[in-house]
Amino acid sequence: MTQATGASARLPWAAPALADFWSMGDAEREELLLRSITAAHAYHFERNTAYRNTVAARGVGPWARSAELPRLLRATSQVFTSYIDILGTPFPQDQPAGFAEWLAEQVSVELRPQHHFRSRYRSLERLLRVVERAYSGPGLELLTSSGASGRVRVVPRDRASTDLAAESFGLSFQRYLGMGADYTAILMMPERTRIAPARIARYGMLRVGLTPDRVHCTTGFLASSDQVRVRTGRTYRTGWRGGIEKRVWHPALTLVQDRLLDAQAVESAISRLIPAAAHGEKVLLFGSLTQLHGIASFLLDGGRTLTLAPGSLLGTGGGTKGAHAKGAAGLREDLQSAFRLADGGPVPVRDVYTVADANWAAMQCSQGNYHIPPWVHAVTLDDDEAIQKQARATGQLAFFDPCGGGDLFPAFFRTADRATLVRGADCPCGEPGNYLEEASIEPIDPPAGAGCAGRV
Ligand SMILES: [Zn+2]
């Protein structure tokens, strides 16, 4: 991964380096963001078939005016699952050529396969690998949402957009969580995964300057979206394949996850935590609240409390409202009993909000608010999908990230979440800029599992 040389070096249109947005005044930043958004729009409008079709149908041409911004937004829950409607199946492995055509329409670079696809592949994972190999020229990577809903989002990345995502996450880890290169990171996630926020979080750690030997991934859950889908048990394939998935693989994977992988992840995390605590290393332990609680329970059952160096953090993804009998407050209480800081203080618990399609994260500060990095123009929409102008407004969260999609797609999205956004006021933590209020983020459509915040 190259060091930052400014976003402009990696984008075909002029854009400032991400970190420079912090040193700008509000007016200058707003103006630059708008200029970058319209430049990104013009670039992608010309090259990205799917994007052009959507926004042209709303009457937008290549030069968007600021009043037209809401019309550039596409829904995260639709864009990268749209192959399902086009192919008529949530299983693109059954129609590889159709899937490749769909993909070519979603990106602003020309994808020409060097390679004939078979008529079908045995899993989604297999298909994604074959497609990545067929287009290895632009360094194509296909990231996914977790797969729990059975409707997997397939988000394309290339080297430039992966690099920008790593930089975006890395800068936020430094600024909002206070991390530096002297941290040891223990991530409750598999090292090799295409689940987007998990993969980018790891890249972000490396970008902060942690050497790879200080970033530990515990294989906390099944790594491929096929496995996650079958274990979750909401969507099976049709015919005999589905029968086998349901009767054989679903119970087997559930057993492996519950009995083996969860325990193995706890053991792996503990085996890293104990020496880090003994050496006085600052630690970031990152996982879902339930996963972190698994570690706390293990320690408490053995009558242990782990004392970590000041500066250490517990990071959560996927919200802190925990679907657990004890409730979030109970889980947090156990975390505070199991972990202490060497100076006697409680170990801070910080949540990280991400969307699978986004190249940025909003990280919780010491005051519990979620800070939006200044290179992202976040807005809330009212029920008529108009942008709310107030300094503090609650509505559907949407964002324009002019650099985030790199040269592949415009990252202008409506999320599947509602939140309260505060703009242009300093957070009580002292940080200027825009933030989402603590405990204000709610999925709009809770049961479907689409667009879950940081469900990694
Ligand atoms: Zn704050």
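**Exercise 1. Determine how strand 13 and strand 14 pair, and over how many bridges.**

Step 1. Fix the elements: strands (E, at least two residues) and helices (H or I, at least four residues) are DSSP runs, numbered from the N terminus. Strand 13 covers residues 377–381, and strand 14 covers residues 392–401.

Step 2. Apply the criterion that two strands pair if DSSP finds at least two bridges between them. Strands 13 and 14 are joined by 5 bridges and run antiparallel.

Step 3. Locate one pair: histidine 377 lies opposite phenylalanine 400 in strand 14.

Step 4. Check the cover of strand 13. A residue is buried if 20 or more other C-beta atoms lie within 10 Å of its own, exposed if 12 or fewer, and partly exposed in between, with C-beta atoms placed from the backbone. Of the 5 residues in strand 13, 4 are buried, and the strand is mostly covered.

The model used here is predicted: local features need pLDDT of at least 70 and side-chain atom pairs count only at pLDDT 80 or more, while totals for chains, interfaces and linings use all residues. Residues are numbered from 1 along each chain as its sequence is written.

**Exercise 2. Find the pairing partners of strand 15 and state whether strand 15 is enclosed.**

Step 1. Strand 14 and strand 15 are antiparallel and share 9 bridges. Arginine 392 has valine 422 of strand 15 as its bridge partner.

Step 2. Strand 1 (residues 74–75) pairs with strand 15 in the parallel sense, over 2 bridges. Here arginine 74 is opposite phenylalanine 413.

Step 3. Strand 16 (residues 435–436) pairs with strand 15 in the antiparallel sense over 2 bridges. Valine 422 is bridged to tyrosine 435 in strand 16.

Step 4. Strand 17 (residues 442–443) also forms 2 bridges with strand 15, in the antiparallel sense. Aspartate 417 has proline 443 as its partner there.

Step 5. Strand 15 spans residues 411–422, and 9 of its 12 residues are buried, so it is largely enclosed by the rest of the structure.

**Exercise 3. Describe how helix 8 and helix 9 pack.**

Step 1. Axes are lines fitted to C-alpha atoms, for helices over the stretch in contact, and angles run from 0 to 180 degrees between N-to-C directions. Helix 8 (residues 159–177) meets helix 9 (residues 196–208) at about 65 degrees, and their axes are 7 Å apart.

Step 2. Angles under 35 degrees count as roughly parallel, over 145 as roughly antiparallel, 65 to 115 as roughly perpendicular and the rest as oblique. Helix 8 and helix 9 are therefore roughly perpendicular to each other.

Step 3. Two residues are in contact if their C-beta atoms, placed from the backbone, lie within 7 Å. Residues of helix 8 in the contact include Phe169 and Phe173, and those of helix 9 include Ile200 and Tyr203.

**Exercise 4. Characterise helix 10 and its contact with helix 11.**

Step 1. The axes of helix 10 (residues 225–232) and helix 11 (residues 239–278) cross at roughly 100 degrees and come within 8 Å. The two helices are therefore roughly perpendicular to each other.

Step 2. Helix 10 contributes Gln227, Val230 and Arg231 to the contact, and among the residues from helix 11 are Trp249 and Leu253.

Step 3. In helix 10, 6 of the 8 residues are buried, so it is largely enclosed by the rest of the structure. Those buried residues pack against helix 7 (124–134), strand 2 (141–144) and helix 11.

Step 4. Just after helix 10, glycine 233 has a positive phi of about 75 degrees.
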